[in-house]
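Here's a quick tour of one model, with an eye on strand pairing and aromatic contacts. Keep the structure open while you read.

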Amino acid sequence: MKYKVMIITLSVVMSFINVLQAQEKEVFILRPEVKFDQRTSSGLFLAAGLNTFSDTSKSYNDTDFELYGSRFFEIGWLWTTRVFKNSNVLRLRYGISYQSNGVRSKNDQIFAYDGEQTLLSISDKSLSKSKFRVDNLTIPFYLEVGPSKDKTSRTSINFDTSGRFKLGVGGFVGATINTMQKIKYKTDEGDKKSKLKNDLEVKRLVYGIGTYVGFGSISLYGKYDFSPVFEKSLPEYYNVSLGLRYDM
């Protein structure tokens, strides 16, 4: 069944691309002497939103992590290259980005390594906050499809995607560069904060899929890690992010 859905989806996307290409080719046929704008451009992008660690052994309502207290942030630089020389309907996007994925644990729980695996265990302190963060440096790559407005003159055509629909599908691969666990708890002397940089055997190689859909510079953005967060844990945790993305 899932293969049929993939085939149907691919067929719809290809039909959409063919229609958009035909529209753009009309301009080229009527004006064969025009010059097209630069094929590759680049720019900054920002993304932020909600984050969690997926655990297949529990339902979403029974998760160990707070929904609104768990967030992600991403910033990067992307190059955009037209796949076709005289059409902007299909674009490759690739570059480098920094990801910061965080979760806030419930019920006084912290991550700990017991010598064999990483576990989410109950702290011996009454915690008012327990947050764990993983920072990654990644190489994102996306195939983006969408129409553009042709800005024409007597000698040139420039493609403008401002306010236009876009859909991007792809993924990322990279490495973990830092981890941090922060806890906040009460004592007789008042509130205390601690940063725990203990080795939790975090997976160093990270990779996953991502997609975004929107108009112009703003889009809804989601990503899912195929690589588990830790080298060995029970259960296995996979990072999931959903938020907004802004392409400058």
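## Strands side by side

Let's start in β3, where F73 stands opposite A48. Keep in mind that this is a predicted model. On the β4 side, the bridge partner of F73 is S100.

Now for the wider pairing. Strand β2 covers residues 40-54 and β3 covers residues 71-84; the two run antiparallel and are joined by 11 bridges. β3 also runs antiparallel to β4, residues 87-104, this time with 12 bridges. Getting from β3 to β4 takes a hairpin of two residues.

## Rings that meet

How many aromatic pairs does a search of the whole structure find? The count comes to 16. Take F53 and Y237: their ring centres are 6.3 Å apart and the planes make an angle of 45 degrees, so this pair is tilted. F53 belongs to strand β2, while Y237 sits in the loop between β13 (218-225) and β14 (238-247), so the contact ties together parts that are 184 residues apart in sequence.

Are these two rings' residues buried or exposed? F53 is buried, with a relative accessible area of 3%. Y237 counts as buried too, at 3% relative accessibility. The cut-off behind that call is under 20% relative accessible area.

## Another long-range pair

F72 and Y221 make a further pair: with ring centres 6.3 Å apart and planes at 55 degrees, they come out as tilted. This one links distant parts of the chain as well, with F72 in strand β3 and Y221 in strand β13, 149 residues apart. Both F72 and Y221 are buried.

## A cluster, and charges over rings

Back to F53 and Y237 for a moment. Which aromatic cluster do they belong to? They form one together with F65, F111, F132 and F230.

Rings also come up against charges here. R245 places its charged end over the ring of F45, 4.4 Å from the ring centre. Likewise, the charged end of K125 sits over the ring of Y185, at 5.2 Å from its centre.

## Pulling it together

So what does β3 pair with? β3 is bridged to β2 and to β4. F73 has A48 opposite and S100 as its partner in β4, while F72, also in β3, links to Y221 in β13. Over in β2, F53 has its tilted pair with Y237 and its place in the aromatic cluster.

Conventions: Residues numbered from 1 in each chain as written. Predicted model: local features only at pLDDT ≥ 70, side-chain atom pairs only at ≥ 80, totals over all residues. Heavy atoms only, no water. Pairing = 2+ DSSP bridges. Helix = DSSP H or I, 4+ residues; strand = E, 2+ residues; numbered from the N terminus. Phe/Tyr/Trp six-rings, centres within 6.5 Å; stacked < 30°, edge-to-face > 60°. Buried < 20%, exposed > 50% of the residue type's maximum accessible area, 1.4 Å probe, protein only. Lys NZ or Arg CZ within 6 Å of the ring centre and 35° of its normal.
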